[in-house]
Structure formats: structure tokens, C-alpha cells
Amino acid sequence: MTTISERDASIALPGEPAFEAATQVFNLIAPATPAAAVTVRTVEQIRDALGHARSEGLGVRMHTTGHASATTRPMHDALLIRTLMDGGVEIDAERRVARVPAGTRWGAVVEAAAPYGLTGPHGSSPTVGVVGYLLRGGLSFYGRATGLAVNSVRAVELVTADGEHRRVDAASDPALFWALRGGGGGFGVVTAVEIDLFPVAKVVTGAAYWPAEHAGRLLAAWLAWAPDAPREASTSLRVFNLPPVPEVPPVLAGRPMVCVDGAVLSVGEDATAAEQAAAELLGPLRSVAEPVMDSWATTTLAGVLEAHMEPGDPLPIVGDHMLLGELGADGAAAFLRLLGEGSGSPLLVAGLRQLGGALADSHPSGGALDHLDARYAYSGAGMPMPPTTVEEIREHCAKVRAGLAPWDTGRTVPSFVEEIGQPQRHLDDDQIAAADRVRARVDPDGLFRGDITPNATALL
Ligand SMILES: Cc1cc2nc3c(=O)[nH]c(=O)nc-3n(C[C@H](O)[C@H](O)[C@H](O)COP(=O)(O)OP(=O)(O)OC[C@H]3O[C@@H](n4cnc5c(N)ncnc54)[C@H](O)[C@@H]3O)c2cc1C
């Protein structure tokens, strides 16, 4: 059994308040249950934690917000380090770069950058942690304009297994820098990242909702627009079955709904480009039927984080994810048969995130994962609340997976993976071998091995 030595006073064991704080997760289905846990704020504390793990014969795992707790390997034989590093977000407006300490959530980066007319490649929620999102690819609501979010990383600061605090960039250690960017983890404890920001002249964002009876025509219109849409636009189409609870606007609750949301931005001087692109998307959709709720409008940079209406508080979530190819009429029909009105789907939400644009472009100096060869990122999730059970949700996820198999690319985005057990693949065999060579160099004893995402290593 693990014991605490004098030196490791900040290491907490199950049942202690500091353990509860360090092991908080977002997905209540997957509590973090390590042998011991610690919240660190300094490099020195990380070194102490690594020393403790070694002396106790424990592996080391990392997290920040615990958003991805359902995607991690069991950690009963590990020390979990929660990084909440000191210092705030630093913005260098001239170079358009932000230095972001590990533990920071995207809302804080957007808030710090917005006064300079800059923003970062955030996703749909202000509460997602910057580090975990970037290391796993990061599918941004600006993605079709700016590419996979991980391509914005200029440098990673981390403590490696030998206790060294390194600043890794393309010049200092090209192989480690390559592997850190989407290589599957297991390289060390990240303490900060430096990321490129980009200027935004104007952004139009929002969400429009229709009763599901219009789903067929809305999906057809959205799929007809999506492949050749301007890169300024990144959207999703989702099917909702929301319960009548106080957090849900009554007009959306208790019946299936279809939603199209996203962001359209003007990067350069021409502020009208965003409005024009948004009008091209929304015109045909609004002519199918009048939305029952429609928040699409020109907004602030912070407003983009609110448009998707993501839950802020921890919830029990069970879900699945696939990267899909072109759907066509058959794929659209299959999607609605499995998830639309009358499908009997117990999922609260299931949708397609529009890919292509810059998301499909290889980055000239990109890392292990730098683009996506797929048309749509599917994700679907349910909440086990009486009378719906975990088993029912899993069963339906499997049914959707089988039904959409003809369009499944077999690839996944690590940041979209919902559960450790779902099929996942984001690297080719030669990339996996290259990432493992880096691991063998920087972590020869496999201290961080448990942190590696499935199918990103041949070592486990
Ligand atoms: C409401 C919601 C909305 C989302 N929206 C999007 C979206 O729009 N686009 C998208 O791509 N994804 C999205 N996600 C998924 C999210 O990006 C992933 O769950 C991501 O992994 C979360 O990162 P985190 O640091 O917050 O999570 P954590 O669970 O804290 O970390 C995830 C993993 O990152 C690694 N890690 C974290 N911190 C460190 C560290 N300091 N050092 C080394 N490794 C570390 C570890 O491997 C850890 O297991 C969303 C998730 C939720 C719950």
C-alpha cells in the first residue's frame, strides 16, 4: 500500500481532501482512481512528485481539467499529477503569440487575447483545458480557416522523466517537438505551451434550432453546402433530444430538434466576408423552415465560446466518435434512420462537425497529427438518467457505429474520442514507431507509459 513520506507531504491518498481536489473530472462516468494524487503549481513540485512516484514504484499520469477521464487507461498503479501551474496567460501581441501555463482553460486565453483583436484555436467550450486539447489535436470552431489546433503550437515546456525542465521547439529538439504534437502522449509533464494567435476582424456565430420533422431537408441542404463552403466557416449539424430541465430553454426541450451552429470569421480587413459566408449557409436552411430559436449574429470573440451551449458542470457522459467520409444521400438517410426522429435513439446529442478546408491541409512544419483526411467528425453522447441506462446508450452507440460503417474512415481525432474502449486510430505505423523511438529516448523506464493513448504505441 502507498504511504506518504515526510518529503512528499503534498501527495494525497484516497479519502483525503487534496486527493479529491486533484482527481476531479468532468465526466462522472469515469472517476479518476489513482493510487495517489497531487496538484502541482511549480516545476519543483513536479520534480518532487516524480521522485515520489519512483520511490513508491508508481507510474505517472497527468491531467488538468479531467475532461477526458473516460479516455484514459486505468490508473490504480499510478500517481496522478494535476497541473495547475502558476502564472497567467501572457500575450505578445506584436508576435501574435500566447504563453499558456498548463491548467489554463480556453476561456482564459480568449479573454486575454481579445483586447488585441486576437484569438486562439479554441473548441466549443470555454472550460476545456488548453494542454489536453492541443496535445490531442484540437478541432476548433475556426478549424476550417486555421487548421488543426495543434499546428498553432510553437513550443512546449515540459518536465521529462529525468526531472529536466525543457523548452522544446522545432529548433531545440525537432523529434520530440514532432511527437508532442499529436503523437499520443507519454513524453512528460507539460508545464506550458506557446501558441500562435490570429487576428479576427469580425466573427459571426450562433445556433439555429428546428423541430426534427425538418431534419431530412436541413441535413440535405447542409451537406450540399458543406464540402465547398468557404474556409471562413466551421459548423456542425446536431440532433438533440433534450430533457425538460431548468438549464434547457423550454422551446428546445422534450422533443427532438436539429441544430446548425458554428462560427464564420473574417481574418483580414474585409469584415463583410463573414456576414456574407454566414448568409450563404443560413439562407437555404432558414428557407426550409423558420427556426424555433436562432442566435446567429455578429458577436465578440468571447461570444464564440458560448454559441455551442456546452455544459459547464460535470456530468455522466457515454459516447462514441468516428471520422466519416462523404455521406451523400445514402449516408444522410442512414444518419437520420439511426439518430433522427422515430429512431428510438437514447442519445441526448449526436452530430457531424464539418471538416475540410485548412483541416485537410498538411502543415509544412506540423507534428505527428497535423491534418484530417475525412469529411465529417461524428460524435454522439447520452447521459444515463432514469429510465435510460449506460447499457442502452452503449448499445445504441454500437448500432450507430455499425449503421455508419460504410462511411467510417477508421480514423479518429484523439480530442474527440469519447471512451478508452472505442476503436481509435490517428497515426500510421511508421508514425507510431517514430513516436515510440522518442519515448524510448526521453522516458527509457516508461514512467509515463500509462498516459499513451491506445493505438499510438507498440510498447503496450
Ligand atoms: C464540453 C466539452 C466540449 C469539447 N469541445 C471540443 C472541441 O470543440 N474540439 C475538440 O477537439 N475537443 C473538444 N472536447 C474534448 C477535449 O478537447 C478533450 O477532452 C481534451 O483532451 C481535454 O483536455 P483537458 O486538458 O481539458 O482534459 P484532461 O482530461 O485534463 O487531459 C486530457 C489528457 O491530456 C493530457 N494532459 C493534460 N494535461 C497534461 C499535462 N500538463 N502534461 C501532459 N499531459 C497532459 C493527458 O494525457 C490527459 O489524459 C470537448 C470536451 C468537452 C467535455
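**Helix 10, a five-stranded sheet and the ligand site**

Okay, let's start with helix 10, where Gly331, Ala332, Ala334, Phe335, Leu336, Leu338 and Leu339 are buried. Before I go on, a reminder that this is a predicted model. Helix 10 covers residues 328-339, so to speak a 12-residue piece, and it reaches 16 Å from first C-alpha to last, close to the 16 Å expected at 1.5 Å a residue. What do its buried residues pack against? There are two helices on the list, helix 7 (215-225) and helix 11 (390-403), along with strand 12 (233-240), strand 17 (349-354) and strand 18 (376-382).

Now over to the sheet. It's an open one, five strands in the order 4-5-9-7-8, with antiparallel pairing. Which strands stand at the edges? Strand 4 (90-92) and strand 8 (165-169) do, each with a single partner strand, so one side of each has no neighbour in the sheet. From one strand to the next, the twist averages 15°. Strand 7 (residues 153-159) and strand 9 (residues 189-196) run antiparallel and are joined by six bridges. In that pairing, Ala155 sits opposite Glu194 of strand 9. Helix 2 (residues 43-56) packs on the sheet, touching strands 7, 8 and 9, and its direction makes about 140° with that of strand 9.

Last stop, the ligand. It has 31 residues around it, and Thr64, Thr65, Gly129, Leu139 and Ser415 are the closest. Thr64 puts a polar side-chain atom 2.5 Å from a ligand oxygen. With His67, it's a backbone N or O atom, 3.1 Å from an oxygen atom of the ligand. Ser124 also uses its backbone: a polar atom there is 2.8 Å from a ligand oxygen.

Conventions: Residues are numbered from 1 along each chain as its sequence is written. This is a predicted model: local features need pLDDT of at least 70, side-chain atom pairs count only at pLDDT 80 or more; totals for chains, interfaces and linings use all residues. Side-chain values use heavy atoms; hydrogens and water are left out. Helices (H or I, at least four residues) and strands (E, at least two) are DSSP runs, numbered from the N terminus. The expected span of a helix is 1.5 Å times one less than its number of residues. Buried means under 20% relative accessible area, exposed over 50%, partly exposed in between (1.4 Å probe, protein chains only). Contact means heavy atoms within 4.5 Å. Two strands pair if DSSP finds at least two bridges between them. Axes are lines fitted to C-alpha atoms, for helices over the stretch in contact, and angles run from 0 to 180 degrees between N-to-C directions. A residue is near a molecule or strand if one of its heavy atoms lies within 4 Å of it. A polar contact is a pair of N or O atoms within 3.5 Å; within protein, one must be able to donate a hydrogen and the other to accept it, and residues adjacent in sequence count only if both atoms are side-chain atoms.
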